[in-house]
Amino acid sequence: MRRGIAATALVATLALAATACGGDDKDAAGEAKAGGELSGTVTWWDTSNDAEKASFQKLAEAFTAKHPKVTVKYVNVPYGDAQNKVKNAFSSGSDAPDVIRADVGWVADFASLGYLDEVPAETAKKVDAEFLSQAAASGKYEGKTYAVPQVIDTLGLFYNKKMLADAGVQPPKTLEELKTAAAAIKEKTGKAGLYLRGDDSYWFLPLIYGEGGDLVDAKSKTVTVDNEAGVKAFKTARDLVTSGAAITNATDGWNNMQTAFKTGQAAMMINGPWAVADSYAGDQFKDKANLGIAAVPAGSVKAGAPQGGHDLAVYAGSKNTAAAHAFVEYMTSQEVQVQSAKELSLLPTRTAAYDQPDVKSSEMVQFFKPAVDKAVERAWIPENGSLFEPLKVEYTKAITGASSPEDAAKAAGVEFRKILKGWK
Amino acid sequence: MAADTSQSVAKAAGDDVETDVAARGRSRRTDSNPTERGGKSASGLRRALATHWYAWAMVAPVVLVLGVIIGWPLVRGIYLSLTDANERNVSRTIGVRHIEATYEFVGLDNYVAVLSDPVFLQRLVWTVVWTVACVSITFTLGLVLANMLNRDFRGRAAYRMALILPWAVPGFVSVFAWRFLFNRDNGILNKILDGGGIAAIPWLDDPTWAKFSVVAVNVWLGVPFMMVALLGGLQSIPGELYEAAEMDGASAWQRFRHITLPGLRAVSMTVILLSTIWTFNMFPVIFLLTRGGPGDSTEILVTQAFREAFVSSPRDFAGSATWGVLILALLMIFALVYRRSLRKQGEVW
C-alpha cells in the first residue's frame, strides 16, 4: 500500500515536471495567460498629472477584465515627489509598488541601484522590434532592458491661435521672431507673449539645444553646460524675461504657467503633450481648434527639444513579478496606447499605433510625432535625473537676475562635476 | 549693577581656566541630580542612588526609549559621517535579495569637504540671520500680545482662542495656505495690493522678498506658543507688586521694565532657547514654502542637508550625516554659551 502511494507520487511528479518543461519551451507568459493563472495584487504608482490620472486609472483597472484574479491597486504619486518616494520605498522594501511609471531619466538610475527587474526576454525582443527606437533606448541600462516605454514626448510651442491672429503675427520659428511677436501681442492685447517656466530646468533644455549645446557629452565624459553655448543659453533665458517677451515665476511654475495660458494672460508657452488635456479645460480653449502647436523656437543654431516620456518598470523585490510584467505589457499594448492618445493626446511608443485611425485623427499627435522623431536624445546615464536639481537652482537664479548668466553656467558646471565624479 | 557683576564674573572665568573647569564639572553633576548639589564623590552618588532608587526606576523606561529612538540614530549618524556611505554601497534588501554594505571608514574627510566648501558658510550666515530675526520678532510680538491679553476685558477668551488658532492648524496646512496667498500672479495678497493700486510684489520670486516671506510665515506660526508661555509667566507675577509700584507712583513703563520683565525672566529665557533651537532646524516652513529657492537663497542648514541626502543620485548619506552632526554641534555650542551667560546673570538652571 505504502509503496503504491510512493509510486503514484513519483509518476505524478514526473508528469508535472514534464508538462512544466513543455510549458517553458513554448512560452511561459503565454501559457500563464491562457490558463488565467495570474493572481494577486499589482500595485501601480502612476505619476501622471491631474488631468490625466482618471483616464489612466480606468485603463489600469481594466486589466482585471483580462486577468480576473489580479487586483490592480492604482496609486497616483505626484511627479515632483515621485523619484524620492520610489527610492525610499524600493530601498526599504516595505510597501514598495510592484510597477512604477518612471520618467525616462530615472530608469538608468533605478536600474544601476539594482531596484528594477529585467524585462522578460520575450517582451524585450518585442520592445526592440515594435517600439520607436529612441523610446526603447531609454529603457535600457548597460545593454539590458529594464523598462518598457509607455509614452514618448518632447516639448513644443503651444499657442493661442486667436491671440496671435488678433496681434497679426505668425507662430514664431526663432527666438528673434518670438520677441517681435511678443511685442506685437503686448501692444494689441496687453497680454504677455510667452510664459517661460522658470522653476524647472527641463524647460531650459530647448534654450541650450538651440545654441548648439547640451548638458553633458556622455561619450567623452565631459560636462558641457558651462561652455560657450551653455553661457549663451543662460543669457537667452535672462534676455527673454528682461526684454518683456516672456513672463516667468520662480515658484509654482506649473500652475502659474497653465493658468496664464488657459486664461489668456500669455499667448504662448513651451510645453509637452501631457499639458494638452489640461489646456483644453481652460476658457480659451473651449473651442479645441484654438490651440495651436509649433516646433520650439530656434536659438542661434537650431531648434531642439529634449526627448522625454515615461517607461513602466517592475520592482526587483516585487512578490508578484509575473503579474507585474503582464500588467506592464498590457499598459504598453497597442490598444491602451491608442486609447491614451485619443483621450489625452499622448504619443504612443509603438510604431504601428501611428497607423490607427484614432491616433491619425489626433492633431496633437500628428504634430508631435515628427517633433519626437527629431527630438534630442538625452544621455541615459544614472545621474541624468539628479542633474536637474542643481541646474534648476542656477537656471532660476539666472532667469530672475539673482546671478549673472556667466556665473550661473559656471556654478552649474561645478555642481555637475560633483555629481559626475571623474568627468571632465 | 547686574551688568557690572556679570562682567567681573566673566573676567574671572576667562582668566582662570580652573574655575571654568570646576564650574562646568559642577554643572554636569547638578544636571544628573539636582538635589545632590553638594555631592562631590562616588559615595555621594551611591547615596543618591540608595535614597532615590524609586526615581531612577521611574526614569529608566524613558531613558531606555530615548536611547533607542534618539541615541541609536545619533550614534549611527555620527558613524556614517565618518564613512563614504551612499546609496550604492549601503546594505539593502530588495525582495529576497540582500546586498551587503561595502562602504568604508574615511575619517574626517567629509567634515573637511563640507567646511572647506563656501556653501557651508553661506548657509550658516543665512541660518543665523533667519533664526535671530524669527526669534526676536516672535518674542516681541508674543510679549505684546500676552500683555494685552493679561488684562480683564470683554471677550478675552475669544481673543485667546483666535490667537492660538495658528498653533492648532497642522504646520504644513498653514504653509501651503501661505503659499497660495503669496503666489505672485494669482495670490490673494497681490490681488489686494492691486486693488490698492500697488504693483505686484514678487513674494517668493525675489531672493529678498522670499526671505521676508519665510520669516513672516514662521513668525505667524511661532507667535501663539510665545504668547501662551509668556501669558502663563505674566499670570504668575503677584498683583501686589504692581499695586505697590502704583502706590509709589511708578509709570506704566517703569512697572513693565522693573516688574514684568524681571518676573518673566525665567519663562522667557526658556522659550527663547527652545524657539531658537526650533527655528534653527525649521525644515517644513522653508522646504514647503520655497524649497530653498528662488535659486538657493532661502536654503538653511537643514534643508541643505536634506538636499545632500535625498536629491542627488546616488544619495549621499555620509555627506548628509556630516551636515547633521555639524548642525547638532552648532546647537550644542549655542546652548552651552547661552546657559553660561545666564548663569553669569545669576539665573540658576
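**Chain B and its contact with chain A**

Author: In this predicted model, the accessible surface of chain B comes to about 20,200 Å². Carbon and sulfur atoms account for 68% of that surface.

Reader: How many helices and strands does chain B have?

Author: Chain B has 15 helices and two strands.

Reader: And what percentage of its residues is buried?

Author: Of the 349 residues in chain B, 36% are buried.

Reader: What about contacts in chain B between residues at least 24 apart?

Author: Taking the contacts in chain B between residues at least 6 apart in sequence, 66% join residues at least 24 apart.

Reader: Let us turn to the interface. How many residues does each chain give to the contact?

Author: Chain A contributes 34 residues and chain B contributes 28 residues.

Reader: What area do chain A and chain B bury between them?

Author: The two chains bury about 2,600 Å² between them, and 41% of this is on carbon and sulfur atoms. On the side of chain A, A:Leu113, A:Thr251 and A:Asp252 supply 19% of the area that the chain buries against chain B, more than any other three residues.

Reader: How many salt bridges cross the interface?

Author: Six salt bridges are found across the interface of chain A and chain B. In one salt bridge, the side chain of B:Asp296 meets that of A:Lys397 at 3.1 Å, N to O.

Reader: And how many residue pairs are in polar contact?

Author: There are 14 such residue pairs between chain A and chain B, counting pairs with both residues at pLDDT 80 or more.

Reader: Which elements of chain A give two or more residues to the side that touches chain B?

Author: They are α5 (79-92), α6 (107-112), α13 (253-262), α19 (388-400) and α20 (405-419) of chain A. Helix α5(A) gives the most, with six residues.

Reader: How do the residues on that side divide into nonpolar, polar and charged?

Author: The side of chain A that touches chain B has eleven nonpolar, 15 polar and eight charged residues.

Reader: One residue in particular: where is B:Arg179 found?

Author: B:Arg179 lies in helix α8 of chain B, which spans residues 171-182.

Reader: Is B:Arg179 buried or exposed?

Author: B:Arg179 has a relative accessible area of 16%, and because the cut-off for buried is under 20%, B:Arg179 counts as buried.

Reader: What does B:Arg179 touch?

Author: Leaving out residues up to four places away in sequence, B:Arg179 touches B:Leu204, B:Leu288 and B:Leu289 in chain B, and A:Asp252 in chain A. A:Asp252 is also one of the three residues named above for their share of the area that chain A buries against chain B.

Terms used: Residues are numbered from 1 along each chain as its sequence is written. Chains are lettered from A and ligands numbered from 1 in the order in which they are written. This is a predicted model: local features need pLDDT of at least 70, side-chain atom pairs count only at pLDDT 80 or more; totals for chains, interfaces and linings use all residues. Side-chain values use heavy atoms; hydrogens and water are left out. Contact means heavy atoms within 4.5 Å. Buried area is the accessible area (1.4 Å probe) that two parts lose on being put together, summed over both. A salt bridge is a side-chain nitrogen of Lys or Arg within 4 Å of a carboxyl oxygen of Asp or Glu. A polar contact is a pair of N or O atoms within 3.5 Å; within protein, one must be able to donate a hydrogen and the other to accept it, and residues adjacent in sequence count only if both atoms are side-chain atoms. Helices (H or I, at least four residues) and strands (E, at least two) are DSSP runs, numbered from the N terminus. Ala, Val, Leu, Ile, Met, Phe, Trp, Tyr, Cys and Pro count as nonpolar, Asp, Glu, Lys and Arg as charged, and the others, Gly among them, as polar. Buried means under 20% relative accessible area, exposed over 50%, partly exposed in between (1.4 Å probe, protein chains only). Accessible areas come from the Shrake-Rupley method with a 1.4 Å probe; for residues, only the protein chains shown count as cover.
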